[in-house]
Amino acid sequence: MATALKCPAETGRDRRSASVIGWLTSRDKAASPDGDCMEFATAVLETGTCKSSIGLDDLMAAPADPLATCEADVLTHLVEEHSHYIPLLLRLVEPRFLQLMERVVPLAIDRYGIVLRLEYALGHRDVRLPFHKTLSDAGQFGLQIQALLTTARRCSHRSRLLSGEREPGENAISRRS
């Protein structure tokens, strides 16, 4: 379940992850007659600046991210139908992160923005491009991605993926050899 939980003083735009911890059990067949159940122990929210435990009540009260159910479809659509936007989005990434980058892959999309994975020969870096406005429903996604693209078009720096430095047939998300 994707949730919008925050540590105190978090902006909502920082990298974060939630882990739900528990045990698989088959004790409660009434609750799950088709298989095992998870007995909840705790949830841990981790960001770049803090790590906090979250109780079941708080976890259940957190609203689901509006893009949680369509994230995979949106990412697939972006890669398959609109890969030409990916180099444009790279204009929003700090130029120093683009040095020696070999490939970029759209990794995640949530209410706060899109995460691009920048791949290098010896590792990777994930960068979040925040939306101008946090989404409250999935219908706002199109406007926010267009706003990001408009901002990117106004940026002056261009990545090597936008220039003619690529091999013939190579694009922003082509595989490394």
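How many residues sit between β4 and β5 in their hairpin? I looked, and there are two. Note to self: this is a predicted model, so everything here is read off a prediction.

**Entry 1: the hairpin**

I followed the two strands next. β4 (103-110) and β5 (113-120) run antiparallel to each other and pair over seven bridges. At the turn end I found D110, which belongs to strand β4, and its bridge partner in β5 is G113.

**Entry 2: what D110 is up to**

Is D110 buried or exposed? Its relative accessible area is 18%, and the cut-off for buried is under 20%, so D110 counts as buried. I then checked what its side chain meets. A polar atom of that side chain is 2.9 Å from the backbone nitrogen of Y112. The D110 side chain also makes a polar contact with the side chain of R128, at 2.8 Å. I also took the C-alpha distance from D110 to F131: 9.5 Å in space, with their positions 21 residues apart in sequence.

**Entry 3: helix α5**

On to α5, which covers residues 141-154, 14 residues in total. From first C-alpha to last it spans 20 Å, close to the expected 20 Å. Which of its residues are buried? I got F141, Q144, I145, L148, L149 and A152. Looking down the helix axis, I saw these buried residues fall within an arc of 140°, so they line one face of α5. L143 and R154, on the other side, are exposed. The buried residues pack against several elements, including α2 (71-81) and α3 (85-89), plus the strands β4, β5 and β6 (123-130).

**Entry 4: the core**

I then looked for the largest nonpolar core and found one with 26 residues. The residues with the most contacts inside it are L90, V93, I114, L116 and L118. At least two core residues come from each of α2, α3, α4, β4, β5, β6 and α5. α5 gives the most, with five. That fits what I was taught: nonpolar side chains tend to be buried together in soluble globular proteins.

I picked L118 for a closer look. Leaving out residues up to four places away in sequence, its contacts include L90, V93, F97, L98, M101 and V127.

**Entry 5: an odd one**

Where is L100? I found it in the loop between α4 (95-98) and β4. Its phi is near 65°, positive even though L100 is not a glycine. Most residues other than glycine have a negative phi, so I marked this one. L100 is also exposed, because its relative accessibility is 76% and the cut-off is over 50%.

Definitions and conventions
Residues are numbered from 1 along each chain as its sequence is written. This is a predicted model: local features need pLDDT of at least 70, side-chain atom pairs count only at pLDDT 80 or more; totals for chains, interfaces and linings use all residues. Side-chain values use heavy atoms; hydrogens and water are left out. Helices (H or I, at least four residues) and strands (E, at least two) are DSSP runs, numbered from the N terminus. Buried means under 20% relative accessible area, exposed over 50%, partly exposed in between (1.4 Å probe, protein chains only). The expected span of a helix is 1.5 Å times one less than its number of residues. The arc is that of the directions from the helix axis to the C-beta atoms. Contact means heavy atoms within 4.5 Å. A nonpolar core is a set of buried Ala, Val, Leu, Ile, Met, Phe, Trp, Tyr and Cys residues joined through side-chain atoms within 4.5 Å. Two strands pair if DSSP finds at least two bridges between them. A polar contact is a pair of N or O atoms within 3.5 Å; within protein, one must be able to donate a hydrogen and the other to accept it, and residues adjacent in sequence count only if both atoms are side-chain atoms.
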